[in-house]
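User: Please take a close look at the interface between the two domains of this chain and describe how it is built.

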Amino acid sequence: MTNNQIFEEDKRYVSPTYARFDVAFERGEGARLYDLDGREYIDCSTGIGVNIFGICDEVWKKAVTDQINKIQHTSNLYYSLPQTQLAKLLCEKTGAKKVFFGNSGAEANECAIKAARKYGNTKYGRYEIITLKNSFHGRTIATLSATGQDAFHKYFDPFLGGFRYADANMEGILRCYTDKTCAVMIECIQGESGVHVLDTSFLKELEIFCKQRDILLICDEVQCGNGRTGKMYAYEHAGIHPDIVTTAKGLGGGLPIGACLLFDKCENVFTYGDHGSTFGGNPVACAGAVSIVERLTDELLLEVQGKGAYFMSHLGRINGVKGVYGKGLMIGLDTEKPAREVVKACLERGLILLTAHDRVRLLPPLTITKAEMEQAITILSEVLGK
Ligand SMILES: *Cc1c(COP(=O)(O)O)cnc(C)c1O
């Protein structure tokens, strides 16, 4: 099939919930992708922050295929080596005490919401969760309800109660705080709304505020986690210690997986029957994830920091770029031209970018080379200079 045949059949058979660009990718390697017509692209999107070691990474591919050759699924009624290994690895890397596995970011956040409500309800009769304006936590009804953007609160009423949306500062938190508050849920770097890095002093104050009141601090690391920003998880930049961490996107290196990390306070919040997921922690996805997390070493994270600094400084010098935001290889750009136009024009020239609200967003693989970053900079300069 050619690109054009796919577009027609897709429009006929797939529910049109996505504003797709007219490209169908067929294969790739690292930060390079090829479409069905054989055109080459530099990938600064990684399938929205998923293919963290690029396309067809050899180590990940071997881990996944080795597992497929053994068993593809067992259900959570039995123990599974890759799932246990991944849970142990995540706990060792973060200090978390227990892990629950789902299949997506939304599912990881659903778990966090349930954990926070059970903790608050059983201990104090508290159930409200404060989330931030401009946040994004997923597309299920609960995670849409948690998302602090009015644009998401249409058509599907009634939404789940018990969420309050605060400005990203302590005054905002205090305005939403009540004697029913059980948790505050934040993204240390808000991805979908435009790569907004939350203020470190706010995060530190928020941590103290929560600790003093036994309110759980939940960090949604679905997008900014797993080495993306040059730390294992982005909350480490601020030196804070959340009670619950959710992650997904980059964790599986390309296969669907979500994880909810429960730290000391929540270690024993769940018991038999409280939660579950048929596909959650699938052995193939977990085997791939183990091969990813094992390689997120201090050395690699330093490399990501270096690449991020290089990329951000050069992007900032392009004519037509008004501002550069983010950390490591999670980058947002304010451009003179509208973001979607920029992304479309870059795609036509062989560079894959993302938008994030009104900004251009780059989430390249952590393995992107200097030459590939330079190629991306050249294409973006051409598009913005026109
Ligand atoms: C993408 C994202 C989600 C939702 O993840 P899905 O895997 O699409 O369900 C939740 N939170 C944040 C911060 C995200 O970026």
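Analyst: What follows describes the two domains and then the surface they share. This is a predicted model, in which local features need pLDDT of at least 70 and side-chain atom pairs count only at pLDDT 80 or more, while totals for chains, interfaces and linings use all residues. Residues are numbered from 1 along each chain as its sequence is written, and side-chain values use heavy atoms, with hydrogens and water left out.

By an automatic or database domain assignment, the chain is divided into domain 1 (3-53 + 298-385) and domain 2 (60-293), whose C-alpha centres lie 26 Å apart. With contact taken as heavy atoms within 4.5 Å, 25 residues of domain 1 touch 24 residues of domain 2. The buried area, meaning the accessible area (1.4 Å probe) that two parts lose on being put together, summed over both, is about 2100 Å² between the domains, and carbon and sulfur atoms give 62% of this area. Of the area that domain 1 buries against domain 2, I52, K327 and M330 supply 31%, more than any other three residues.

The rule for a salt bridge (a side-chain nitrogen of Lys or Arg within 4 Å of a carboxyl oxygen of Asp or Glu) finds one across this interface. The side chains of E192 and R361 meet in a salt bridge at 2.9 Å, N to O. On the side of domain 1 that touches domain 2, the elements that give two or more residues, as DSSP runs (helices H or I, at least four residues; strands E, at least two) numbered from the N terminus, are α2 (46-49), α11 (298-316), β13 (321-327), β14 (330-335) and β17 (359-362).
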